[in-house]
Amino acid sequence: MKYLLSLWVGINLCLGFSVVAWGSEDEFGTFKRPFAVDSLWNSKPVNPQFTNFEIPLSKYFPAVQQGTYSTGVFLAKETDAPVKVYGYPERKGVWDPDSEQVKPFVTIPHWPKEVIPASGSDGHADIVDEGLGIIHSFWQLKFKDGRWMAEQYAWTRLDGRGWGDPAHYFQGARAAAVPSLAGIIRQHEIEDQKPVFEHALAISLTDNGLSPKPAYIFPATSADTYSEKRHFGQIPEGALLMLPQSFDESKIQSSPKMKKIVRTLKTYGAYVVDENYGTPYVIYVENGPVSFNLNRPKLSWDNQVADELNLIRSSLRQVASADKWINGAGQEFIPARNFNLLSMRGPWTLKQGDSLGEFDTLTQAVMFGPTSRPVTQDNYSGRGMQAILWARPKVGETFRFRAITTGGAKVSMRILDKSRQQALYQTKLLENGDSETFTWPSSDFVPMLSVTSGVGSSSSARAELIKISR
């Protein structure tokens with residue numbers, strides 16, 4: 001996967017977002033304020049209603065932590081050189097969950113010299129490239145034997161939702177498929193003197209707090225592996241936890257930092273993004289030179305801090321619903337839930353032509369090189385539609401299938417029965433901008449995609465499948 005600058009600029013055409021200018025800290029979609037103004041990370045619910053489940057006690061006290069299992073966030077500059085990140089020697093390469101492939105390496109166009117992964121086994125580190133509008137998110141990143149290595153790499157838009165969607169379902173290194181910088185208390189926020197952190201926080205729970213089924217809910221698109229076997233609580237990943245407005249702030253006396261956390265939990269809340277080992281909850285703080293130590297000077301353990309963290313634990317509740325939502329600009333809005341369901345990931349089978357086009361995660365398209373005759377390829381696997389729990393099509397709903405192609409490429413879709421023997425619906429072979437509207441035919445189905453390249457110069461093909469009615 002060769003992420004060269006020309007390819008990144010090409011994202012502008014294929015995904016509909018542009019290469020951005022270097023932003024100020026007051027703008028959304030920038031290094032200091034990631035994600036869109038209406039991202040749920042930057043938004044707050046009004047009059048939330050709660051479930052009754054209380055986060056249980058566990059082996060350790062709750063924590064607000066930098067360090068081992070948090071993450072550093074590093075700003076890439078246009079002058080930073082590219083770096084290849086390889087898989088570990090005992091692995092076949094770097095796992096790319098979006099394409100669902102292991103790749104020998106990924107090339108990051110601009111790599112900051114100061115990158116330091118978290119020292120824990122997760123090895124989190126996120127690189128923000130404002131010029132390209134991308135957050136690179138790594139799991140188990142390490143510099144070893146003279147090269148950078150990682151177990152997993154994913155990316156998300158700096159100006160995006162900060163969550164996966166049904167098509168691009170894994171967009172970061174956390175189990176909930178978000179980048180590890182999402183929701184963390186940032187270095188520049190620790191001493192900014194504001195009454196709250198102006199975004200939802202990132203929180204993890206341990207096995208007795210997390211739900212086995214469903215393992216995740218909207219807006220999350222994934223959860224920890226083996227959740228059904230390990231978890232026995234009631235809170236899914238992706239859930240928003242908050243302190244009720246009735247929580248008595250006067251009981252928080254240990255430090256202004258603790259009060260600020262409490263006010264943030266009452267205003268924005270915290271999204272469950274991961275599992276931890278043995279801690280009722282962990283709220284994450286960015287690694288860096290500014291400390292977020294909640295203990296009083298010269299104390300490695302503070303009973304008052306521990307008691308207050310435990311009081312927060314007993315009062316946190318999952319948000320079940322809200323009357324409305326307010327975005328980062330103070331405007332009322334309805335959070336988006338209707339997303340493209342189709343991915344062009346493989347595996348693809350060559351039906352005609354000389355060589356397969358390849359899925360490119362950055363453009364979310366099948367890319368063809370120059371060819372003297374059409375290349376036709378099919379995807380029978382069903383992996384073009386990830387089975388996101390809250391996004392599965394229902395019988396009778398109306399959908400629009402739309403082609404987004406370049407260079408004369410075409411795309412079509414068949415909806416097969418579960419045995420793959422009968423086509424329940426089949427679209428026409430569509431060119432760029434063409435669309436077709438139909439009613440979803442069955443609850444038991446396998447999607448099959450087909451793409452045909454253009455002839456001559458390079459071409460690309462992707463498609464969108466979006467619900468347009470209930």
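1. A convenient place to enter this structure is Q253, which, once its neighbours within four places in sequence are left aside, is in contact with K259, Q304 and E308. The model is a predicted one, and in it Q253 is found in the loop between β15 and α3. Although Q253 and E308 are 55 residues apart along the chain, their C-alpha atoms are separated by 8.4 Å.

2. E308 leads on to the helix α4, where it is listed among the buried residues together with V305, A306, L309, I312, R313 and S315. The cover over these buried residues of α4 includes the strands β3, β15 (240–242), β17 and β18 (317–321), as well as the helix α3 (256–267). As for its length, α4 has 13 residues and reaches 18 Å from its first C-alpha to its last, which is close to the 18 Å expected at 1.5 Å a residue.

3. The helix α4 (303–315) also takes part in the largest pocket, since it supplies at least two residues of the lining, as do β3 (63–65), β16 (270–275) and β17 (281–284). This pocket has a volume of about 1200 Å³, and 49 residues line it, of which D122, D274, E275, N276 and Y284 lie nearest its centre. By residue type, the lining divides into 27 nonpolar, 15 polar and seven charged residues.

4. A further residue to look at is Y268, which lies in the loop between α3 and β16. Is Y268 buried or exposed? With a relative accessible area of 9%, Y268 counts as buried, because that value falls under the 20% cut-off. Leaving aside its neighbours within four places in sequence, Y268 is in contact with N42, S43, K44 and P45, with V196, F197, E198, H199 and A200, and with L240 and M242. For M242, which stands 26 residues from Y268 along the chain, the C-alpha atoms of the two are separated by 7.3 Å.

5. The last point concerns an open sheet of three strands, in which the order is β1-β19-β20 and the pairing is antiparallel. Its edge strands, each of which pairs on one side only, are β1 (44–46) and β20 (332–333). Between β19 (residues 324–326) and β20, which run antiparallel, there are two bridges, and W325 stands opposite F333 in β20.

Definitions and conventions:
Residues are numbered from 1 along each chain as its sequence is written. This is a predicted model: local features need pLDDT of at least 70, side-chain atom pairs count only at pLDDT 80 or more; totals for chains, interfaces and linings use all residues. Side-chain values use heavy atoms; hydrogens and water are left out. Two strands pair if DSSP finds at least two bridges between them. Helices (H or I, at least four residues) and strands (E, at least two) are DSSP runs, numbered from the N terminus. On a 1 Å grid over the protein atoms alone, a cavity is a set of points where a 1.4 Å probe fits but cannot get out, and a pocket is an open set with protein on both sides within 12 Å along at least five of seven lines; lining residues have an atom within 4 Å of a point. Grid points are joined across faces, edges and corners, and a volume is the space filled by probe spheres set on the points. Ala, Val, Leu, Ile, Met, Phe, Trp, Tyr, Cys and Pro count as nonpolar, Asp, Glu, Lys and Arg as charged, and the others, Gly among them, as polar. The expected span of a helix is 1.5 Å times one less than its number of residues. Buried means under 20% relative accessible area, exposed over 50%, partly exposed in between (1.4 Å probe, protein chains only). Contact means heavy atoms within 4.5 Å.
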